[in-house]
Amino acid sequence: MRRILVGALLLGALAGCQGSPLSQAQAQDSARNQTQDQASSVSSETSLGDTSAEPVTAERPASFDAWLASFRRQARAEGIAASTLDRVLADVRYRPKILEYDRAQPEFVRPIWQYLDSAVSSTRVNTGRERLAEHRTTAERMAGRYGVPAEVVVAIWGVESNYGSHFGSFSTLDALATLAFDGRRRDFARGELIAALRIIEAGDIAPERMIGSWAGAMGHTQFLPSSYLAYAEDGDSDGRRDIWGSIPDVMASTANYLARAGWQAGEPWGIEVRLPPDFDYAQTELATRRASEAWAKQGVRAVDGGALPTLGQASILAPAGARGPAFLVGGNYRAILRYNNATSYALAVGTLSRRVAGEPGIRADWPRQETPLSRAQVRELQRALNARGFATGTPDGIMGPNTRAGLRAFQASQGLTPDGFATVSLLERLQE
């Protein structure tokens, strides 16, 4: 799966390992995803974040060769050796297909339940268990070192590249050079290309083996070059960080990423819960955080009837509104979001990790009869809400917190459960 990446797979110090772990993680979130999560209720395959509105500030050179010559001078000024540039840039090629992917903005997205059906399929669960058994010693060693459970690392491996069976077929150098020449975020791609050159110069990978997605994400768990420089680890102690061919390096690097993104050892990422009938769904935003005890006082219960885990900053998520599953999530869920800033992705990783560990998956039913709104329909929804006085901001086709708040207010005015879950029937009612 084109992983990440992500993302929003979104922007900090991008051209190397400068900046805090959090800013680096947010940078990876921003750039590695091929389509950003449209809302809590819907998602598509992960891919490059939707940054179509981001301005491009510099004029594009007349030709790719002219751009490459200019880039070479800039890279040399930033400390890349002439010998490295001679070795690498001679074979870099402009790939128009990459720009097609970069500029394509999907109009339709899959419901979250369809995404999870694929990401947490029985085949992927079984393969994850097999891979964990195969690499058990390494996985447990990395879990002990970084505090991240082996099942979570394996789940990211599964969701990102189907355990290495598909981590892309593009030259990372070609992809980033093409995007730096003519993409929507040229400065970002240029910084990532500099980072890729630093990786090669360090001797970690040969240029021809630096393979990944069209967006520049690389290896089994889809690191951007800047994230590689910040987080990649030498798990097998051979003096190189090889996220393409060394599973110990892959596991160490992924666990290190999550640990530095804030993973707390011993805490679950979250659990499925049941909400009381009178629950206020305005609270189902990740920005609303309370201790588990406070949620319990509102009547929130674990779906299996057990006690809620002890979490100091927990949020309630209801990705499909009142008719779908609900989850209590904590800081470790937010650490997964640093890897890919999509509700569907984080739930897929969390659920797959539980299934690989032999635990049950999501128990409540999804409202599979519903069809998610297209971007055009979300824009219509936003316009209709604005026209009725339920302010959502400028219509942009994205179901963000403001749109959900406006929709909840409309639902309440109609005597409906105000859960903020957008449906075709709600859009039709608004347009009456």
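# Salt bridges, helix faces and a pocket

Arg-209, Asp-238, Arg-240 and Asp-242 are joined in a network of salt bridges. The model is a predicted one. Across the whole structure, a search finds 18 salt bridges. The points below cover some of these pairs, the buried faces of helices H5 and H7, and the second largest pocket.

**Salt bridges**

- Side chains of opposite charge can pair when their charged atoms come close.
- Within the network, the side chains of Asp-242 and Arg-240 meet at 3.8 Å, N to O. This counts as a salt bridge because the cut-off between a side-chain nitrogen of Lys or Arg and a carboxyl oxygen of Asp or Glu is 4 Å.
- Asp-242 is buried, with a relative accessible area of 7%, whereas Arg-240 is partly exposed at 26% relative accessibility.
- Asp-174 forms a salt bridge with Arg-95, and their closest N and O atoms are 2.9 Å apart. This pair links distant parts of the chain, 79 residues apart: Asp-174 belongs to helix H9 (residues 172–182), and Arg-95 to the loop between helix H3 (82–89) and helix H4 (96–103).
- Asp-174 counts as buried because its relative accessibility is 6%, under the 20% limit. Arg-95, at 37% relative accessibility, counts as partly exposed.
- Glu-285 forms a salt bridge with Arg-408, with 3.3 Å between the closest N and O atoms. Glu-285 lies in the loop between strand E5 (270–274) and helix H13 (292–297), and Arg-408 lies in helix H17 (residues 401–413), so the salt bridge ties together parts that are 123 residues apart in sequence.
- Glu-285 is buried at 11% relative accessibility, and Arg-408 is buried with a relative accessible area of 8%.

**Helix H7**

- Thr-138, Ala-139, Met-142 and Tyr-146 are the buried residues reported for helix H7 (residues 136–146). These residues are on the same side of H7 because they cover an arc of only 95 degrees around the axis.
- On the other side of H7, the exposed residues are Thr-137 and Gly-144.
- The packing partners of the buried H7 residues are helix H6 (122–134), helix H8 (150–161) and helix H12 (247–260).
- Gly-147, just after H7, takes a positive phi of about 80 degrees.

**Helix H5**

- In helix H5 (residues 112–119), the buried residues are Ile-112, Trp-113, Tyr-115, Leu-116 and Ala-119. Seen down the axis of H5, they fall within an arc of 155 degrees, so the buried residues line one face of the helix.

**The second largest pocket**

- Rolling a probe the size of a water molecule over the atoms shows where empty space is left.
- The volume of the second largest pocket is about 220 Å³.
- Its lining consists of 17 residues, and those nearest the centre of the pocket are Ile-271, Glu-272, Val-303, Asp-304 and Arg-354.
- Strand E5 and helix H15 (343–356) each supply at least two residues of this lining.
- By residue type, the lining of the second largest pocket divides into 10 nonpolar, three polar and four charged residues.

Notes: Residues are numbered from 1 along each chain as its sequence is written. This is a predicted model: local features need pLDDT of at least 70, side-chain atom pairs count only at pLDDT 80 or more; totals for chains, interfaces and linings use all residues. Side-chain values use heavy atoms; hydrogens and water are left out. Helices (H or I, at least four residues) and strands (E, at least two) are DSSP runs, numbered from the N terminus. Buried means under 20% relative accessible area, exposed over 50%, partly exposed in between (1.4 Å probe, protein chains only). The arc is that of the directions from the helix axis to the C-beta atoms. Contact means heavy atoms within 4.5 Å. On a 1 Å grid over the protein atoms alone, a cavity is a set of points where a 1.4 Å probe fits but cannot get out, and a pocket is an open set with protein on both sides within 12 Å along at least five of seven lines; lining residues have an atom within 4 Å of a point. Grid points are joined across faces, edges and corners, and a volume is the space filled by probe spheres set on the points. Ala, Val, Leu, Ile, Met, Phe, Trp, Tyr, Cys and Pro count as nonpolar, Asp, Glu, Lys and Arg as charged, and the others, Gly among them, as polar.
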